[in-house]
Protein chains: 4
Amino acid sequence: MDDTTSKSAILLIHCPDQKGIVISITEFIFKNGGNILYLDQHVDTGRQAFFMRIEWDLGDFVIVDEKIGEYFETLVASRFSMNWRLHFSDEVLRMALYVSKLPHCFYDILARYEAGEWQVEIPLIISNHADMQPAAERLGADFVHLPISRENREQQERRQLELLQEYRIDFIVLARYMQVLSDEFISHYPNRIINIHHSFLPAFPGARPYHSAHERGVKIIGATSHYATSELDAGPIIEQDVVRVSHEDSVEDMIRKGRDLEKVVLARAVWQHLHHTVLVYENRTVVFE
Amino acid sequence: MDDTTSKSAILLIHCPDQKGIVISITEFIFKNGGNILYLDQHVDTGRQAFFMRIEWDLGDFVIVDEKIGEYFETLVASRFSMNWRLHFSDEVLRMALYVSKLPHCFYDILARYEAGEWQVEIPLIISNHADMQPAAERLGADFVHLPISRENREQQERRQLELLQEYRIDFIVLARYMQVLSDEFISHYPNRIINIHHSFLPAFPGARPYHSAHERGVKIIGATSHYATSELDAGPIIEQDVVRVSHEDSVEDMIRKGRDLEKVVLARAVWQHLHHTVLVYENRTVVFE
Amino acid sequence: MDDTTSKSAILLIHCPDQKGIVISITEFIFKNGGNILYLDQHVDTGRQAFFMRIEWDLGDFVIVDEKIGEYFETLVASRFSMNWRLHFSDEVLRMALYVSKLPHCFYDILARYEAGEWQVEIPLIISNHADMQPAAERLGADFVHLPISRENREQQERRQLELLQEYRIDFIVLARYMQVLSDEFISHYPNRIINIHHSFLPAFPGARPYHSAHERGVKIIGATSHYATSELDAGPIIEQDVVRVSHEDSVEDMIRKGRDLEKVVLARAVWQHLHHTVLVYENRTVVFE
Amino acid sequence: MDDTTSKSAILLIHCPDQKGIVISITEFIFKNGGNILYLDQHVDTGRQAFFMRIEWDLGDFVIVDEKIGEYFETLVASRFSMNWRLHFSDEVLRMALYVSKLPHCFYDILARYEAGEWQVEIPLIISNHADMQPAAERLGADFVHLPISRENREQQERRQLELLQEYRIDFIVLARYMQVLSDEFISHYPNRIINIHHSFLPAFPGARPYHSAHERGVKIIGATSHYATSELDAGPIIEQDVVRVSHEDSVEDMIRKGRDLEKVVLARAVWQHLHHTVLVYENRTVVFE
């Protein structure tokens, strides 16, 4: 594109595979004046499922933004029983950041935010500990300290849900937030809660994965970012990466090496989420990179 | 796809970017009864260049195979000044394998060939040394020993060109073939001679890259597979990969670690070439993985 | 070393940590005329365990090879309750190769053998299928076809043990050998049976790991080489590596990408074993690279 | 070690290889009551050079800290013409941080500092731009703004040298500091100025390496941390790492992917420097990990 980047629309689509899907979508865009910037499509032949991400320039598009969804549903989507999501390139999503005591992912996100790496707002930070309050306030974000105990978890989650609504939060990032969220809570933000787990899932789910990795004597450790679901550490994986370790690495060395991995893997997952490249299907992600 | 994999056609296209390209191509396929299996498209906005790989099922396609190219040129390509190549999924390309004395890439390719990993024929093996003759003959390939000296290089290359024509060779793989090919020779097989260079290009072109890497004290070594062009080790890169080394690795250790890298990187490049996923543009590749 | 590489001795040692271990060992070598070529030592502080690999030139060493073990035990090892193994750099280990129907790891090992990459003898190849017989015989190795059924497994393993003894086999490599070995069998070759498992263990043990990886939607797949123990896929890990996959990779794509990983990871593990760099301790390996 | 981690001493040694070095060093430590915690030694046989890093517990060591160097020089080092450096585990090095306008490496280091990841002091931050002043001051570090022009470079470097002395700076980290330092300046901090270069050196030295990488069409980009020397981007490499890119990645995508690489690679190099694991020899590093 030239330097005056104009606004574009993004459609994420999946549906049962059949003939004529691609032509119908591209016709809808072309005939109405859209210029396709990016199209990635694939068919999962085992599941007979069709997936597409398509982005087009809205400069000369004849349908107004507010009506694109309605027109697309009527003219195209309904014929193919499509699941679809529409986004615009100028959207600024609102993130709530959850943190406990471990600072590395939290600081990394704040640094990206301050440096303007992401097109996002972070109006709200929630923690079960007060430790990160000073750092949070530097950014102008509201920091809400909600300590969690077995007794008050339900009540605190209700309070969180109120806050999330009040701050018009679009998605939640768990930056090494050490609490398990209830199914009820998660159900309010399906595929909109991004967690970072400090292992190469499905190896070492649950607590203390570096200790387990050390005990097992693996030669590589990993980190996994996924959408939270009701089953712990079993949600759709967005991104993973690994780093080599050796017998000389103690648990503490693994924790240190893992920190950098966790922050990079979480940041990549958030980037993908912000760029609307992730589509969830049967507990797996399609990431249109 | 279901188990009766039917024949498909593959188009690789690049042209100046403009509106209406995607729709024209997808219409051409859809209106003539083709079912799109795979579509990957992108625009290099800096160069205003459009790239696409599209594959469709020929089961119900109304244009006979021999006419698809002509029709596409007339109805679509000419309007957009497209460069395009058409392939069919049942093509069996014919590879000539060039080898010198180093066996690892050569043996690796023979093993893949014997194991049926690739849809390819290898009727001809050319070498400037006789060492690999027994292994070559086990496969039923013809082994032609053409020793190269400064004096006879031109003559031997003419002989090679005759052989390549005689054996109806589609592309050449240089499996650590230690001779430099002339521009004249290369010009007969543009983007159809795949070389493996034992460094992470553009670092350490030319001879003895592991010695140079050791001298420079790098912490990672690499291998690069590229199409041969008249400029040595400067052709379009198809695939690269790396492996970590340390101060404890001697040049010999690097050579050993590099061997596995070279064979895997070369094999991946050949795989991409055989699957018609590589498009060359301004000395760079677009690899539609 | 200068170009006339002379013979060296290698000691692998582990014992409870205490003061004076390093000095005792280095004194034993130095005072008897040995020149230390390589020394790697570390302490697992959690387990208070000491580990060392030390290699010295035997050129001027005053103790004859056959007596080194006895002298070391008497003068040094017994004082520190050491577990130790002594090797010589000119040892040529004898490998038995187990294979089923999948050829890639098998061919890869044969190619390395033919090319002289390893200092090893492979006098014996055992398989439950006859498929690899022609390739095996090209090398001059004896190929013994021992089909396995539920009924004859015990009997066939007894036959194998006889063959292994007859051929004076030092260690076994399971090159994607698809049979489970009995505890009884494994107990004859502790830490001397090298297996390759086609997943990033402990994720996806057991059968069909690529199918499981695809089902789980991981973004990276791996391979693991380990010593076989009585617990399936739970033995000490020697080497692991990974490769990136995406949602576009079918199970078949994963199998293809995994093949190259498996052969490289297995080969690295065999190389470490041949160079006496691996020490097993509490079901984990110390690999002195 | 147990939880009361006691103080240890670290020796980094290199010298011409000969018999008796290891025994002399280990005797010096053992006979004086030291308990060896870690010993890594290797011989570069090509250069006949001996390298060692040895660390021992000082709990029962009979030589006082201030005298260890003198005694070691007299009793051991002088006999073998050793180059050596002595460090203590409780040293807190003082870092000066140089930054320009790019915030990612700078913020990453500040976050590690705030989180207590490193045993270091950062009393001084120097920049040719004022942009990072607010972030710097949050940490209590002094921020000195010294704009550089062709005319005032010499004068500003003299001012810097005064500041470095005044703040008793041990080493300098160039966190994407975009100015070239003079040979004169560098000569004051040999192997104590750590730079991060945004390419996989020796590929793409100098300015705009991501643009060059994009132009060349590489499939992998890298970052390199090295000690600054008088030759630009040619100093001893401490750490490198890479990340995969594709034809779809624009220069901007490479810059984004590179940012995370740069900060991790620089942080690893600083960690190695702080732990006294790096020894420089003939423009290469030995990193005793």
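Biologist: What makes you say that chain A and chain C meet through the same surface?

Modeller: Of the interface residues of chain A, 97% are also interface residues in chain C, so the two copies use the same surface to meet. Contact here means heavy atoms within 4.5 Å. This is a predicted model, in which local features need pLDDT of at least 70 and side-chain atom pairs count only at pLDDT 80 or more, while totals for chains, interfaces and linings use all residues. Residues are numbered from 1 along each chain as its sequence is written, chains are lettered from A and ligands numbered from 1 in the order in which they are written, and side-chain values use heavy atoms, with hydrogens and water left out.

Biologist: Why are chain A and chain C said to be related as by a two-fold rotation axis?

Modeller: Two copies of a chain are related by a rotation about an axis and a shift along it. Chain A is superposed on chain C by a rotation of 180° with 0.0 Å of shift along its axis, at an RMSD of 0.0 Å; the fit is by least squares on the C-alpha atoms of residues with pLDDT of at least 70 in both copies. The two copies are therefore related as by a two-fold rotation axis. In chain A, the C-alpha nearest this axis belongs to Ala203(A), 2.3 Å away.

Biologist: How many residues take part on each side of this interface, and what area is buried?

Modeller: 34 residues of chain A are in contact with 33 residues of chain C. Together the two chains bury about 2900 Å², 53% of it on carbon and sulfur atoms. Buried area is the accessible area (1.4 Å probe) that two parts lose on being put together, summed over both. Arg216(A), Lys219(A) and His247(A) supply 24% of the area that chain A buries against chain C, more than any other three residues.

Biologist: Why is the pair of Asp241(A) and Arg244(C) called a salt bridge?

Modeller: The term requires a side-chain nitrogen of Lys or Arg within 4 Å of a carboxyl oxygen of Asp or Glu. Asp241(A) and Arg244(C) are 3.7 Å apart, N to O, so the pair meets the rule. The count between chain A and chain C is six salt bridges. There are also 17 residue pairs in polar contact between these chains, both residues at pLDDT 80 or more. A polar contact is a pair of N or O atoms within 3.5 Å; within protein, one must be able to donate a hydrogen and the other to accept it, and residues adjacent in sequence count only if both atoms are side-chain atoms.

Biologist: Which elements of chain A give two or more residues to the side that touches chain C?

Modeller: They are α7 (209-216), β11 (237-244) and β13 (284-287) of chain A. The largest share, seven residues, comes from β11(A). Helices (H or I, at least four residues) and strands (E, at least two) are DSSP runs, numbered from the N terminus.

Biologist: Turning to chain B and chain A, what makes this pair meet through the same surface?

Modeller: 100% of the interface residues of chain B are also interface residues in chain A, so these copies too meet through the same surface. A rotation of 180° with 0.0 Å of shift along its axis superposes chain B on chain A, with RMSD 0.0 Å. 21 residues of chain B are in contact with 21 residues of chain A. About 2000 Å² is buried between them, 55% of it on carbon and sulfur atoms.

Biologist: What makes the link between Lys19(B) and Asp60(A) a salt bridge?

Modeller: Their closest N and O atoms are 3.2 Å apart, so the pair falls inside the salt-bridge limit. The rule finds two salt bridges across the interface of chain B and chain A. Seven residue pairs are in polar contact there, both at pLDDT 80 or more. α1 (21-31) and β2 (35-44) of chain B are the elements that give two or more residues to the side touching chain A. β2(B) gives the most, with eight residues.

Biologist: How do you know that strand β2 of chain A and β2(B) pair?

Modeller: Two strands pair if DSSP finds at least two bridges between them. β2 (residues 35-44) of chain A and β2(B) have five bridges, in the antiparallel sense, so they qualify. Asp40(A) stands opposite Asp40(B) in β2(B). Asp40(B) is also the residue of chain B that comes closest to the rotation axis, at 2.6 Å (C-alpha).

Biologist: Where in chain A do Lys7(A) and Asp90(A) lie?

Modeller: Lys7(A) forms a salt bridge with Asp90(A), the closest N and O atoms being 3.4 Å apart. Lys7(A) is in the segment before β1 (8-16) of chain A, and Asp90(A) is in the loop between β4 (83-88) and β5 (93-99), 83 residues apart.

Biologist: What kind of peptide bond joins Leu201(A) and Pro202(A)?

Modeller: The bond is cis, with omega about 10°. Pro202(A) lies in the loop between β9 (193-197) and α7 of chain A.
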